[in-house]
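User: I am new to this structure and should be grateful for a close look at a single part of it. Please keep to one connected account.

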Amino acid sequence: MILSLQQESKFSAALSKRFENEGVHAFLENFEAVAQKHERRRQKIKKDEEIENEKLPSEYRNTFNVKPQRITSNEYELLYIETLYTIKHKIGTTTSRYIQGENDLYAYAQEAFGLSNGDHQRLLEKANEEKPPILILLVEIVEAKDLEAKDANGFSDPYCMLGIVPERRHFLTSQHSNGGGGLSSDEEGVNANTLHDNKLGFMKRLKSFRKSTYRRGQGREKTILTTGSSLQYHSSLRDKLPAKYIQTTDVKTATLNPVWMEKFRFHLESGKTETFHLDIWDHDDEFSVFEAAKKLNQVQGFKGLNRYFKQVAQSARTNYLHESSHVDDFLGSVNLKINEIPSTGIDKWFSLEGRSENSKVRGQIHIRANLTTREDRGISEEDNWTDIKEHVELLQIFIDHELKKFKGETTQWTGELSRDAETILHQHAIQGGITDIQQSMCRWIAYSKKHSEHILAHKLLLSVTEQLEQTWKPTSLSRDESDVLREAFTLFINHGFKQLAKIRELFPATNKTSMERLEQLLTILMKLHSMEVFRHCCPFQNSLQHEITSIIKTGTIEWFNRLATQITKPRLRSDEDILRNTSELVYIMIADAHLCIKYYNPIFDSTVKMSFYNISFKKIDEKLMDIVIKALEEELGEQVHQCPSTFLEIKEPDSADVLAFSAAAEQISLCLFELYLSLHELSKYKIYVNETDRVNLKITQYYMYFGAAVKKWLSLARNKILHRIERSVENDKYEAALTSTHNVKFTPSSLDVSSCFSQISQFWRRLAWPDIITSIAYLIKITEDMANATCLYAMLVEGKLNARKLYETNDLSYYTQELSLVVNDIERIRDSFKTLPIELSYDKLLVAAEKFHSIAVVDEYRKKIETTVAICSHEIIDKIYQILNKIVTKMEIELKQHIVHIIDTPEHILLQDTIQPLITYLDTRLLPFKDFLIRQNFT
């Protein structure tokens with residue numbers, strides 16, 4: 001209900017006394033200033049984002065107290081001795097990737113270990129005292145292709161016989177390269193025409209593994225000539241290959257493209273003059289070379305060896321004497337000098353060689369071969385666990401050394417080791433029989449441990465991780481190796497989780513480089529959890545999504561608590577400080593929400609298929625709203641928990657109570673409004689939380705805690721406007737308008753009050769109250785308050801006009817402009833109030849209310865608003881008519897006189913002359929009003 005004009009006047013008088021010396025005229029402007037400040041904060045978030053993006057990323061700091069496990073000084077020296085031993089006993093030919101010179105490697109090792117010359121010499125002597133390692137050749141016969149068909153069915157039954165041709169110190173050898181580095185084992189003995197060529201050596205005395213000696217008759221003595229000398233030796237069975245040097249593959253039946261995938265291991269004497277030899281045969285008779293060779297490896301003692309060699313020779317001899325008998329057919333051979341095998345090994349296809357230059361064989365064989373060593377420690381040859389642990393420690397030492405030499409941040413290091421380091425590590429790996437998967441494991445362990453100390457580039461770690469995945473195969477690691485790898489996985493993952501817990505500090509969202517690092521870290525973690533080797537080593541590890549969810553929750557809470565403690569920590573503060581600090585905390589959450597959605601969310605979604613903001617905001621919502629509610633409770637008490645609609649049912653206090661209420665409310669109203677606006681802005685980000693969780697967010701109902709505050713704002717705004725109307729009307733100076741050279745139609749008071757209505761509309765739009773039903777109730781209250789303000793203005797203006805007693809003056813023409821200004825001011829305010837509901841968007845609210853109420857109820861709301869506007873408008877129009885009617889009343893006597901004159905005028909007088917005095921009178925009295933009155937009033 002609209003208050004009576006007497007109540008408004010009483011209230012206005014009380015306010016006038018209270019705020020006489022205060023700048024209350026700026027109150028509504030202050031509300032708008034708060035809103036503009038809020039808008040600037042929103043814009044600042046984007047501006048700060050651009051500035052931060054141009055800055056260099058904040059450097060990582062090791063804040064997790066990771067203490068590296070160091071080996072003892074004794075273990076350190078033993079590792080250095082092992083490194084020197086490795087350099088001294090290098091095996092294989094050196095490729096371009098590695099360093100050849102031992103002195104360079106010694107110098108690098110000494111520098112990396114940080115030892116003095118004296119310590120280096122002392123430990124080098126110990127390394128020289130160690131026994132030389134046993135050289136071993138590892139061979140894998142992979143497959144062959146395009147072999148010659150020896151059987152009637154168009155295929156062959158191929159198998160391989162392979163072995164090591166040892167050094168014979170009592171022979172003078174003159175090496176002849178054949179294909180892979182030696183002669184065919186099926187060559188015949190030399191004859192007189194070839195002795196002087198000095199090209200045949202010990203290899204030709206082997207007669208092949210078949211021992212087919214019959215074709216050259218019974219002469220077994222051969223002579224090899226060298227420069228100026230000749231030696232004669234008997235080629236007896238004891239010159240043949242010992243049994244331990246001969247091994248065979250399985251027979252692959254009916255194929256010209258056999259696949260064996262069989263591995264062999266040969267102990268070597270020195271590796272300098274020995275040769276690896278391989279024959280391929282077609283298996284045919286009951287007791288073949290294949291069977292003979294198999295039994296050769298079962299003999300014990302020289303006598304047995306002699307007997308089986310004879311069987312092989314007899315089998316061969318029988319084949320040539322009796323064509324009907326069957327013997328294995330020769331398919332080709334390969335010779336490979338041990339001293340020509342590179343340290344990196346061989347993995348290639350070899351073309352098969354024949355018995356002689358005239359022999360015709362075809363096909364190729366795929367062989368993998370590499371050298372390794374074994375130290376005589378009395379342990380199994382397969383046990384290289386000690387070598388693996390040494391390899392990890394050696395890698396870590398070299399990584400530390402390379403990082404010391406690197407000029408730049410550790411996060412910029414590519415992880416590339418020097419050629420010296422790579423050479424030593426390579427030799428240590430092959431000499432210790434460390435497989436590719438074991439080397440990948442060692443690299444992962446070493447680099448991941450160093451990452452916890454130095455913070456290496458995640459791109460480097462990702463590369464090491466991918467290398468581990470590529471080389472791992474099921475059952476390729478022992479239990480001990482799986483355990484140590486699991487330990488390394490756990491250490492790295494925990495370190496990564498600690499980084500994610502501090503994501504906002506270590507990975508600032510606005511920095512491009514930091515975002516790249518975060519993406520790489522998440523990619524590594526996702527890669528690890530998807531790798532079979534990780535699941536094999538860590539079968540009971542929780543899913544990555546579960547772990548990250550827990551980390552994000554914990555990290556977000558810790559981050560929020562630090563901020564909240566810093567911003568809202570208890571101290572002697574006023575109520576305004578509490579509200580301002582709470583608003584500041586909300587604004588920080590707004591900025592964080594913006595960054596999370598724009599930067600963190602896309603990265604988490606693309607890497608680990610998770611929504612960072614959804615997890616983080618749920619925790620922030622709970623903690624933040626608890627702080628907000630507590631701050632509101634300190635100011636508003638239990639009213640915070642009351643429904644906003646209940647406050648609209650409370651009757652308006654009388655003028656004295658309103659005065660006290662306004663005085664208290666003014667001090668914190670702006671702070672409350674700023675807090676409300678910040679929460680309103682933050683609530684917009686709830687749409688990025690999934691629908692299931694969204695309904696449980698506290699911030700969804702943030703406005704419910706501001707019912708009492710809104711009542712204060714509206715009451716305070718109403719009170720201030722009423723006081724402002726009184727002050728404006730009081731300060732109106734009609735003389736200034738009258739003496740102006742311009743045709744002034746309004747006084748400053750009407751402009752001021754109209755501005756108040758605009759500010760109320762702006763305040764309502766800024767408020768943007770989310771609840772439709774309560775918004776309608778608030779809109780009705782605003783409309784009623786502004787109707788009272790409009791009527792109060794009209795009453796005060798009219799009262800001021802009456803106080804001047806202008807109507808008692810016989811001639812009003814002198815006060816025409818002043819009277820026009822009064823009428824124009826009242827009409828201006830009426831017009832401003834009439835459009836107020838439209839500016840408040842009442843029609844949209846009513847349409848929206850149809851979703852919650854019936855059309856009949858909505859029509860009642862509409863009727864109430866429109867009725868309030870109509871009643872106030874009619875009252876103002878009546879007021880204008882009353883003022884104008886007094887003017888007309890003053891003119892009425894003179895008008896009657898002119899009319900009587902017209903009536904009494906004789907008929908012979910022209911009509912124009914008769915009414916001319918009246919027209920002149922009206923022009924004199926009314927034309928000035930036409931110039932000074934606005935159109936609505938004049939018409």
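In which loop is the place of Ile455?

Analyst: Ile455 has its place in the loop between H11 and helix H12 (458-471). The model is a predicted one, in which local features need pLDDT of at least 70 and side-chain atom pairs count only at pLDDT 80 or more, while totals for chains, interfaces and linings use all residues. Residues are numbered from 1 along each chain as its sequence is written, and side-chain values use heavy atoms, with hydrogens and water left out.

Helices (H or I, at least four residues) and strands (E, at least two) are DSSP runs, numbered from the N terminus. Ile455 comes just after H11 and takes a positive phi of about 60 degrees; this is a positive value in a residue other than glycine. With a relative accessible area of 3%, Ile455 is buried. Here buried means under 20% relative accessible area, exposed over 50%, and partly exposed in between (1.4 Å probe, protein chains only).

The helix before this loop, H11, covers residues 436-454. Its expected span is 1.5 Å times one less than its number of residues. For the 19 residues of H11 this should give 27 Å, and the end C-alpha atoms are 26 Å apart, which agrees. H11 is also mostly covered, since 14 of its 19 residues are buried.

A second residue offers a useful comparison. Lys609 likewise has a positive phi, near 55 degrees, in a residue other than glycine. Lys609 is placed in the loop between H18 and helix H19 (612-636). At 60% relative accessibility, however, Lys609 counts as exposed, whereas Ile455 is buried. Within H18 (residues 575-608) lies Ser583, which counts as buried at 1% relative accessibility. Ser583 touches Cys671, Glu674, Leu675 and Ser678, not counting residues up to four places away in sequence; contact means heavy atoms within 4.5 Å.

A word on confidence is also needed. The predictor's confidence in each residue is its pLDDT, from 0 to 100. The mean pLDDT of the protein chain is 77, and 73% of its residues reach 70 or more. Confidence is lowest in strand E3 (residues 221-226), at a mean of 30, and highest in strand E9 (residues 346-351), at 94. Where pLDDT is low, the predicted coordinates should not be read in detail.
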